Amino acid sequence: MYESDDDRDITLRVENLSVEVEGKEVLRGVSLGIKCGETHVLFGPNGSGKTTLLMALMGFPRYRVTSGRILFEEEDITGLPPYERARRGFGIMFQRPPTVRGVTLEQMAALCADDGVDVEALAGDMNLEEFLSRDVNHGFSGGEIKRSELLQLLAQNPRIVLLDEPESGVDMENLQLVGKAIRKLLQKDLRRRRTKCGLIITHTGYILDYVEADVGHVLCEGTVVCSGNPREQLEGIRKYGFEECARCTR
Amino acid sequence: MHALNELKERARAAADKPAAYGSDLDLRHYADEAPERGYVESLEELEELSGEELARAGVEKSGRERSGSFVQIDGTVVHRKAMEKGLEILGTREALEKYDWLWDYYWQTVAVDADKYTAAVELAPFEGYFMRALPGSRTIYPLQACLYIREPRFVQRVHNIIIAEEGSELHIITGCASKHEIEMGLHLGVSEFFVKKNARVTFTMVHNWAEGMDVRPRSGVRVEENGLFMSNYVVMEPVRSLQLYPTARLVGEGAVARFNSILVAQPGSELDVGSRVILSAPRCNAEIISRAITRGGYIAARGHIRGEVGGVKAHLECRGLILDEGGVIHAIPELEGLAADVDMSHEAAVGKIAQEEVEYLMSRGLSEDEATSTIVRGFLNVKIEGLPPLLEKEMRRMMELSEQKAL
């Protein structure tokens, strides 16, 4: 559907992107475009290439682009290292971030933040005050990692928000907190024109109860097989599974 | 006198005995002569060392926020003064003349015939400091001590005796340093610590030697019932060779020893640094933590814990990071249990910086170099518990000074 829309509004454009990881092709000609203020979700079975797409968008060298381009506000950023993308406004939430010994969550959040960001207040919002003095991710539970990642993103305040399964491992009580943080990151409560864009990987779709998405993409075997209404897609996947998605386009 | 003669005899017998570790040095290559220096009543009158040189060795020239100072240049004690009640600072020779009882502590925790370096300290004129906290005394500020070498080829012989009497608290910050231009020099430092019942001693030492220096400290610690000894040792700047293996004996119930070492080996430096704790009373507790980074030099990071009785707990942690090609880190943790009911563990790891961590930080906007240096700083950022806040701040400041040059 986006193909027919006015291209000038597209903030993040992925064109025919193929990516290999350790010599194995994982993404095959993925194309999508996220307009200013939109949130997209990515569905797909395990191993379909969802995380690879997010990692390639962030520019990690292990994810080698073999063809295609990534454009951010019409600038070709395909060859830029992760920190250049972060400085342009890309922010990513990791599913399993590494522990960095001796670097506290507070230092980490401060590294991400522009001047004037109140890290302590953000930690209060994320219920993480007691974690500020701990080494980042060291001994954190699944839910604590999600909140820590979101705290860092809130401090960073990125234009392009890339989230890898933000709801996995989070209990019901904290799911609300996580949902609220994502809404804030994506300016969901803003009535006027939003400037943030989101791309969220979700297995369960639970996050859609907290964050409205504009477009959904189903990824199968490294290719986008369907782009459309995310609610309808989720319903279809729940009823018929991903196989039907794959079949549907063939 | 008889006992002294016996010590001299034992020393003479060990005069050529190589040390168990580290490269063997020929003591004939060093000179015993150095100019006498004048004594100053106040550190600010000290002309030989600038405020900056002293600061690098952890010494505050103004004496502010310190409970006393000791400075030795080459073979001369140029200043020693205690500023708070309950504390005593003297040159060791002066103290041995003043107090007969001090001979009972002399060579009690380090064997005079351990090797040729301990022997050399006994067989020629030495200096060093005597520090004593009187029973129950507690000071707000740390004591500062500096052993400095200015004279090329000089062999500095030092014998320090530190006594924390019952229930006292003694915090010492000490820097050993040398003039950076000197091509060759040797520091032989014997330090004997006596931590009595319910006393606490923290000893924070930053070494700032020169590329041509060889350094052989020899330290022994005796901790009585519920006493605590903590050593924080930092060496980041170039040195030709450095070998030390301090030993703490926990002889009273509930005694505690903690050793933290932060080692950075520059190209051409050879660091052989260990810590040993012998737990010989119930409920004793020990922790040895070392962080080693090589920029091309050699590091042996040793640790040895010996549990002689049941009901003791100890942990040893050696972690090493090889930043540059050609660097070597040899981690040698040893646990020795002599009773069934000992709880001792160790963890050792040597490797390079994890690329995953670098990329994690890069995704937050740090360049590769910034990410690497953040990880390295974090690696060295050992959490030190039990250090008074002022001292912790001071140690961080000194580490930052060294880090800027070293990394």
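Is A:Glu129 buried, partly exposed or exposed, and what is its relative accessible area? Select A:Glu129: this residue is partly exposed, with a relative accessible area of 48%. Here buried means under 20% relative accessible area, exposed means over 50%, and partly exposed is in between (1.4 Å probe, protein chains only).

Before moving on, note that this is a predicted model, in which local features need pLDDT of at least 70 and side-chain atom pairs count only at pLDDT 80 or more, while totals for chains, interfaces and linings use all residues. Residues are numbered from 1 along each chain as its sequence is written, chains are lettered from A and ligands numbered from 1 in the order in which they are written, and side-chain values use heavy atoms, with hydrogens and water left out.

**Chain A: the charged patch**

Stay on A:Glu129, which sits in the loop between α4 (119-125) and β8 (135-136) of chain A. Helices (H or I, at least four residues) and strands (E, at least two) are DSSP runs, numbered from the N terminus. Now add A:Glu106, A:Asp118, A:Glu120 and A:Glu130 to the selection; with A:Glu129 they gather in a patch of negative charge on the surface. Patches are made of residues with over 30% relative accessible area and no salt bridge, like charges being joined within 9 Å and nonpolar side chains (Val, Leu, Ile, Met, Phe, Trp, Tyr) within 5 Å.

**Chain A: a helix and a turn of phi**

Next, select residues 50-58 of chain A. This is helix α1, where 8 of the 9 residues are buried; among them are A:Leu53, A:Leu54 and A:Met55. Just after the helix, A:Gly59 takes a positive phi of about 90°.

Go to A:Glu22, in the loop between β1 (10-21) and β2 (24-35) of chain A. Its phi is near 50°, a positive value in a residue other than glycine. Most residues other than glycine have a negative phi. A:Glu22 counts as exposed, at 67% relative accessibility.

**Chain B: a second positive phi**

Select B:Trp107, in the loop between α3 (92-98) and α4 (116-123) of chain B. B:Trp107 is not a glycine, yet has a positive phi of about 55°. At 6% relative accessibility, this tryptophan counts as buried.

**Chain B: salt bridges**

A salt bridge is a side-chain nitrogen of Lys or Arg within 4 Å of a carboxyl oxygen of Asp or Glu. The count comes to 40 over all chains.

Show B:Lys196 and B:Glu165, whose side chains meet in a salt bridge (3.0 Å, N to O). The pair links distant parts of the chain, 31 residues apart: B:Lys196 is in the loop between β8 (185-195) and β9 (200-208), and B:Glu165 in the loop between β6 (155-164) and β7 (169-178). B:Lys196 is buried at 15%, and B:Glu165 is buried at 10%. Add B:Glu88, B:Lys98 and B:Arg132 to see the network of salt bridges that links them with B:Glu165 and B:Lys196.

Which strands does the next pair, B:Asp272 and B:Arg302, link? Their side chains meet in a salt bridge at 2.8 Å, N to O. B:Asp272 is in β15 (residues 270-279) and B:Arg302 in β17 (residues 298-307), 30 residues apart. Both are buried.

Finish with B:Glu336 and B:Arg306, also in a salt bridge (2.8 Å, N to O). B:Glu336 lies in β19 (residues 328-337) and B:Arg306 in β17, so the pair ties together parts that are 30 residues apart in sequence. B:Glu336 is partly exposed at 28%, and B:Arg306 is partly exposed at 23%.

Note on methods
Areas by Shrake-Rupley, 256 points an atom, 1.4 Å probe, with all protein chains shown as cover. Lys, Arg positive; Asp, Glu negative; His and termini not counted. Charge placed at Lys NZ, Arg CZ, Asp CG, Glu CD.
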